[in-house]
Amino acid sequence: MTALTLSTAAAPGLRADAIVVGVAKGGSDKGGSAKSGDLVVAPGAEAVDKAYDGGLAGVLETLGASGGEGEVTKLPAPSGFKTPVVLAVGLGAQPDKEASFGTETLRRAAGAAARALAGSKKAAFALPVTDAADAGAIGEGALLGAYAFDVYKENGKDSKDAKKGAKNGKAPLAEIALLGGKPRDKAYKAAVERATAVCEELNRARDLVNTPPNDLNPEAFAAVAQAAAKEHGIKVQVLDEKALEKGGYGGILGVGAGSAAAPRLVKLSYTSSKAKKHLAFVGKGITYDSGGISLKPAGHNETMKCDMSGAAAVFAAVVAAARLGLEVNVTGWLALAENMPSGSATRPGDVLRMYSGKTVEVLNTDAEGRLVLADALWKASEDKPDAIIDVATLTGAMVLALGSRTFGVMANDDAFRSAVVEAAEETGEASWPMPLPDHLKKGMDSPTADIANMGERMGGGLVAGLFLKEFVGEGITWAHLDIAGPAFNESGPFGYTPKGGTGSAVRTLVRVAELTASGDLG
Ligand code: BES
Ligand code: MN
Ligand code: ZN
């Protein structure tokens with residue numbers, strides 16, 4: 001795992017493999033440490049610029065740098081430097097004098113730089129820092145951008161021959177030193193500790209999402225959760241298929257019925273002696289979604305190992321809350337099942353008796369997420385938490401509506417929905433409020449059961465949200481995050497987001513827990 005530290009070391013004596021500086025597009029009348037044309041070297045890089053005799057911006061311009069966000073330019077360090085490489089990363093438009101570039105801009109730039117430095121061992125980040133929040137954001141970006149999943153590659157960092165990863169030049173950055181902060185200042189120290197805890201757990205969620213479904217079935221996921229819970233003093237309880245049968249969890253059992261790997265419901269309880277509030281997080285954990293008897297066609301099933309991203313996010317957030325010692329009780333529920341077709345699979349037309357007692361006519365076995373979540377939501381409601389948030393790669397319709405980088409937020413309480421969207425925004429996660437229009441409920445009327453698991457095709461993401469709402473306990477504040485778009489990045493990496501599993505919603509959940517602990521939410 002990549003190590004993150006605050007450092008007072010400075011160029012040229014600094015020992016690292018590379019030093020990262022920021023470069024921005026300058027307005028003509030705005031100040032900067034150095035200027036050439038419209039390119040400005042961002043604050044934090046003064047010592048580096050000095051070594052180029054104040055000509056770093058000019059050198060970068062010659063190399064074609066524009067200062068655009070995410071742009072990476074590598075150049076040899078000036079003579080006398082103990083660090084051989086200078087990496088300039090674009091920060092976009094320069095802010096007003098003394099103002100921060102903004103935490104998300106810094107996070108993305110640090111991420112792009114860290115990824116471009118794969119194969120190096122240690123990098124120092126001399127990006128502009130105005131306060132502890134900036135330092136935390138740079139740390140997060142670097143830790144998230146340095147992520148790589150190469151367990152299954154012959155030359156991967158975690159492959160049997162550990163030396164090979166470094167040899168083929170692909171091993172992620174091992175050490176990140178943040179310059180420009182105040183290592184002895186409490187706020188800076190806390191920011192780095194927070195970044196480390198959140199990003200290590202977020203990267204672990206990415207690992208779980210990226211792990212192929214033949215290696216991560218519900219039982220394997222539950223075992224990972226059990227081990228982590230033990231390590232971090234979190235109480236854990238795993239309901240196996242027998243316990244689920246006994247408890248009457250018809251939704252989870254119905255979805256798992258076609259698989260050779262039995263389903264699980266995992267409860268993770270983090271408690272703080274100083275807690276005044278209790279949050280429950282519920283995650284959809286379909287370790288593989290084939291669609292079941294309503295089988296998905298080729299072209300729609302290749303990435304469906306990502307269908308446990310909600311559960312991975314919940315798991316990561318509970319562990320992060322524990323590591324940060326947040327003064328709030330957080331219960332995580334992982335609803336784990338594999339959705340497969342077989343002679344024992346649930347059929348379209350079957351009626352399931354859910355944990356809540358309601359019956360559901362399964363019209364489409366590919367609408368399975370709502371079935372496992374319904375049982376977990378009802379179970380979570382029994383504890384009477386102050387609020388429940390569920391996270392799920394629930395519908396293709398939400399991807400059509402919001403694209404692949406934004407998750408939808410639905411809720412039974414407008415103020416809570418707004419608070420969740422705001423918390424997401426603070427962390428740099430893109431989300432958007434979506435409605436739960438009552439009239440769409442009618443489409444789920446079933447002639448046989450209390451409700452069907454499908455409704456109108458139009459507004460499919462909202463229909464799924466309305467279905468879940470039926471399984472939230474009376475009077476409990478609830479929000480639903482549909483992360484089907486941003487959970488898995490099928491295109492190229494950008495900013496601090498890698499290809500594959502992204503860790504979507506982890507930072508939002510942690511932020512909601514922090515705000516709840518401090519009394520600023522709910
Ligand atoms: N896991 C899928 C949703 C999904 C789609 C996640 C794309 C990530 C990317 C979910 O279980 C599903 O199949 N939903 C159906 C529901 C429909 C049958 C009502 C869908 O969206 O098509
Ligand atoms: Mn499905
Ligand atoms: Zn699914």
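How many of the 12 residues of α15 are buried? In this predicted model, 10 of them are, so the helix is largely enclosed by the rest of the structure.

## Helix α15

Helix α15 covers residues 506-517. Its buried residues are Val506, Arg507, Thr508, Leu509, Val510, Val512, Ala513, Glu514, Leu515 and Thr516. In an α-helix, residues three or four places apart point the same way, because there are 3.6 residues a turn.

The length of α15 can be checked against its residue count. At 1.5 Å a residue, the 12 residues should span 16 Å, and the end C-alpha atoms are 17 Å apart, which agrees. Just after the helix, Gly519 adopts a positive phi of about 80°.

## The zinc site

The zinc ion (ligand 3) has four protein donor residues: Lys284 through NZ, Asp289 and Asp307 through OD, and Glu368 through OE. These donors lie 2.0 to 2.4 Å from the ion. Around the zinc ion there are 6 donor atoms, and the angles they subtend run from 78 to 174°, which makes the arrangement octahedral. Along the chain the donors follow the spacing K-x4-D-x17-D-x60-E. Asp289 belongs to strand β11 (residues 278-289), while Asp307 sits in the loop between β11 and α10 (309-324), so this pair ties together parts that are 18 residues apart in sequence.

Asp289 and Asp307 are both buried. Lys284 is also placed in strand β11, and it counts as buried because its relative accessibility is 2%, where the cut-off is under 20%. Glu368 occupies the loop between β14 (359-361) and α11 (369-382). The relative accessible area of Glu368 is 1%, so this residue is buried.

## The manganese site

The manganese ion (ligand 2) takes its protein donors from Asp289 (OD), Asp366 (both O and OD) and Glu368 (OE), at 2.1 to 2.2 Å. Its 6 donor atoms make angles of 70 to 170°, and the site is irregular. The spacing of the donor residues in sequence is D-x76-D-x1-E. Asp289 lies in strand β11 and Glu368 in the loop between β14 and α11, so the pair ties together parts that are 79 residues apart in sequence.

The two metal ions are 3.1 Å apart, with Asp289 coordinating both. Glu368 is listed among the donors of the zinc ion and among those of the manganese ion. Outside its sequence neighbours up to four places away, Glu368 touches Val255, Lys284, Ile286, Asp289, Asp307 and Asn339. Of these contacts, Lys284, Asp289 and Asp307 are donors of the zinc ion.

## Annotated positions

An unreviewed UniProt entry lists Lys284, Asp289, Asp307 and Glu368 under "binding site". These residues are spread over 85 residues of sequence, yet they cluster in space, with a largest C-alpha distance of 11.2 Å. Glu368 is included in the lining of the largest cavity.

The UniProt annotation "active site", also from an unreviewed entry, covers Lys296 and Arg370. Lys296 is in the loop between β11 and α10 and is buried, with a relative accessible area of 16%. Beyond sequence neighbours up to four places away, its contacts are Asp289, Ser290, Gly291, Asn301, Met304 and Asp366. Among these, Asp289 and Asp366 are donors of the manganese ion. Arg370 is placed in helix α11 and is buried as well, at a relative accessible area of 8%. With the same neighbours left out, Arg370 touches Leu394, Thr395, Asn453, Met454, Val463, Ala464, Phe467 and Leu468.

## Thr196 in helix α6

Thr196 is part of helix α6 (residues 186-210). The relative accessible area of Thr196 is 18%, so this residue counts as buried, for which the cut-off is under 20%. Leaving out residues up to four places away in sequence, Thr196 touches Leu4, Leu143 and Arg323. Thr196 and Ala376 are 180 residues apart in sequence, and their C-alpha atoms are 30 Å apart in space.

Technical notes
Residues numbered from 1 in each chain as written. Chains lettered and ligands numbered in written order. Predicted model: local features only at pLDDT ≥ 70, side-chain atom pairs only at ≥ 80, totals over all residues. Heavy atoms only, no water. Donors = N, O, S within 2.8 Å, 3.2 Å for Na, K, Ca; no water. Tetrahedral: all angles 85-135°; square planar, octahedral: opposite > 155°, others 65-115°. Helix = DSSP H or I, 4+ residues; strand = E, 2+ residues; numbered from the N terminus. Buried < 20%, exposed > 50% of the residue type's maximum accessible area, 1.4 Å probe, protein only. UniProt positions renumbered as here; feature names shortened; annotations may be inferred. 1 Å grid on protein atoms, 1.4 Å probe; cavity = no way out; pocket = protein on both sides within 12 Å on 5 of 7 lines; lining within 4 Å. Contact = heavy atoms within 4.5 Å. Expected span 1.5 Å × (residues − 1).
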